[in-house]
Each structure stands twice: as structure tokens, then as C-alpha cells.
Amino acid sequence: MGSTRKTAVVTGVLFLVTEVAAIGGLVLYGPVLHDAGYVLGPGADTRVFLGALCELVLALAVIGTGVALYPVVKRQNEGAALGYVCGRLLEAAVIVVGIVSVLSVVTLRREAAAAPGGDAASLVTAADALVAIHDRTFLLGPNFVLGANTLVLACLMYRSRLVPRPLAVLGLVGGTLICASATAVLFGLYEQVSDAGTLAALPVFAWEVGLAIRLLAKGFTGAGGTVAEVAAEGPGEPAQLPNTCEKWAASPETVGGHSLAPR
């Protein structure tokens, strides 16, 4: 298995991990996010801790996708590839802020239980503020920043044909929709966790899962994957090969009648 094929497999696995961890974290956080009296009750701290662990895995996997893809996509556009890595780092950082806010609610609940008789109204207000911080990080990270990152990566994939173009188009559509949906949520048109929000998130979910399956099954087209699909899609910008002897042999440059191919 070549290095590019290994990169495709690692990236595919990391994208699947992001999806599983994101869903797991959202489900496990249920009690603290939806129970206004959580800070005063018996709590479900173990469940919340597991949710935080899922989101920590999510943040690491998000960074991993950017780092793993960089050596491949930088051959298409190094600036955009670097921007994608930085965008994934920003997305992960926002997720970590949300983790800290949720864990702080658990800390408040435990301190209130250890010292009964405190101001219940103040505790509930503080807990609500921390949950609101998590909700906003969820809007900014896995929506706005995710949408921008998706557009960058899908554009790189579309231009280079490292994956089939219909899949790249799905990413372009998904990134646009999730950004538009996040804007609508920001201005109060509907709730983030709602039917409209879920429908807007489905294309980007399908893009990431489809990309993961594609990379695991066949790798990158024209770079350790299947070159035949490029010809089948018709004329356009071909996938760029790595800077290797094989690339020079396929199309050697000449200056003054002398080949620049390495000897």
C-alpha cells in the first residue's frame, strides 16, 4: 500500500470518527442541555463525562483530517490546503470551548450538592449561561466553520478530481447549505436543533460519510486510486500527480532540447 493510499485510508477513518463522535456527544449531553434544573438535581454526571470524551475525540479527529489531507491537497493549491488545516484547527478549538462550558455545569452541580442552602436561582442562571455558551459554540464550530471548511475541501477535490466530481459537488452544496442554515439560526429564524436545521445538515453529513467511504474503498482518483474514472468523466482539469520521477516521465519538460527529468 503506497503512502497516498494510506493517507486516504487514515482520512476516511477519521471522517467516520468525526460523525460517530459528534452524534454520540450530542446524545449523551441530553440531560445537561435540556434540563434547566440539572444543576440542582441528582445529575447524570457519568453520561455527561462520556459526552465530553466523545467531543474531545471529535476535536482530535477534526484536526487529524486536516493534517492527514494536507500532503495530498497542497499539490493542488498550497494556500487553500493550509487554510483548510487552519480552519480545522479553529473548528476543534471552538468545540473544546463547548466541552469546557458543559463540564463547568457539572462542577457547579457538585459544588451545590456539597454545600446545600445556596442561592438556587443564581445557580440555575449560571448553568443556563454555560449551556448557552455551548449552544453558541455548536453553532459556530460544527456549522459556520464546518461549512467554510467543507467548501474549501470540496472545491479542492472538484478542481483536482481527487474524488469523483458528483461527490465534490455534494460537498459544495452541503457547505453552502450549512452556512446558510447557521445564518438563519443566528438571526432567530428557527432553532438549530429543529427539522429545518436537520435537513440543512444532511447534505454535509452525506458528503463526509460519502467521502470517507470513497477514500476507504478506492482512495484518491489519479493518486493511488483509479485513473479510469477521470477519463470517464470527460475533459477537465486532471488530477495532479505528486512531484515524482513518474510525473516527469509522463510529461518531461525541456529547455533548449534538454530534458529536465531527473536522472
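These notes walk through a predicted model, from its overall make-up to its pockets, its cavity and its surface.

1. Overall make-up. The protein chain has nine helices and two strands. Read from the N terminus, the order is α-α-α-α-α-α-α-α-α-β-β. The chain counts 263 residues, and buried residues make up 42% of them.

2. The largest pocket. Start here when you turn the model. The volume of the largest pocket is about 710 Å³. Its lining takes in 29 residues. Nearest the centre lie Ala22, Leu26, Phe138, Pro142 and Ala201. Six elements are worth picking out, each with two or more residues in this lining: H1, helix H3 (45–73), helix H4 (78–114), helix H5 (120–160), helix H6 (165–186) and H7.

3. Who lines the largest pocket. Which element gives the most to the lining of the largest pocket? H7 does, with seven residues. By class, the lining splits into 17 nonpolar, seven polar and five charged residues.

4. The second largest pocket. The second largest pocket has a volume of about 400 Å³. It is lined by 15 residues, and Asp135, Phe138, Glu191, Gln192 and Val193 are the closest to its centre. Phe138 deserves a second look: it is listed among the residues nearest the centre of the largest pocket, and it is listed again for the second largest pocket.

5. Who lines the second largest pocket. Helix H2 (30–34) and H5 each provide at least two residues of this lining. H5 gives the most, with six residues. The lining holds eight nonpolar, four polar and three charged residues.

6. The cavity. How many cavities of 30 Å³ or more does the structure hold? There is one. The largest cavity has a volume of about 50 Å³. Its lining is made of Glu55, Val94, Ile95, Gly98, Ile99, His134, Thr137, Phe138 and Pro142. H4 and H5 each give at least two of these residues. By class, five are nonpolar, three polar and one charged. Phe138 and Pro142 line this cavity, and both are named among the residues nearest the centre of the largest pocket.

7. The nonpolar surface patch. Now look at the outside. Ile23, Val27, Leu199, Leu202 and Phe205 make up a nonpolar patch on the surface. Together they have about 470 Å² of accessible area. Two helices each supply at least two residues of the patch: helix H1 (3–28) and helix H7 (195–217). H7 gives the most, with three residues. Val27, one of the patch residues, lies in helix H1.

8. H1 and H7 on two counts. These helices come up twice. Each supplies at least two residues of the nonpolar patch. Each also gives two or more residues to the lining of the largest pocket. H7 gives the most to the patch, and H7 gives the most to the lining of the largest pocket.

9. A backbone point to check. Most residues other than glycine have a negative phi. Arg161 is not a glycine, yet its phi is positive, at about 60°. Where does Arg161 sit? It is found in the loop between H5 and H6. Is Arg161 buried or exposed? Its relative accessible area is 3%, so Arg161 is buried, the cut-off being under 20%.

Notes:
Residues are numbered from 1 along each chain as its sequence is written. This is a predicted model: local features need pLDDT of at least 70, side-chain atom pairs count only at pLDDT 80 or more; totals for chains, interfaces and linings use all residues. Side-chain values use heavy atoms; hydrogens and water are left out. Patches are made of residues with over 30% relative accessible area and no salt bridge: like charges are joined within 9 Å, nonpolar side chains (Val, Leu, Ile, Met, Phe, Trp, Tyr) within 5 Å. Accessible areas come from the Shrake-Rupley method with a 1.4 Å probe; for residues, only the protein chains shown count as cover. A salt bridge is a side-chain nitrogen of Lys or Arg within 4 Å of a carboxyl oxygen of Asp or Glu. Helices (H or I, at least four residues) and strands (E, at least two) are DSSP runs, numbered from the N terminus. On a 1 Å grid over the protein atoms alone, a cavity is a set of points where a 1.4 Å probe fits but cannot get out, and a pocket is an open set with protein on both sides within 12 Å along at least five of seven lines; lining residues have an atom within 4 Å of a point. Grid points are joined across faces, edges and corners, and a volume is the space filled by probe spheres set on the points. Ala, Val, Leu, Ile, Met, Phe, Trp, Tyr, Cys and Pro count as nonpolar, Asp, Glu, Lys and Arg as charged, and the others, Gly among them, as polar. Buried means under 20% relative accessible area, exposed over 50%, partly exposed in between (1.4 Å probe, protein chains only).
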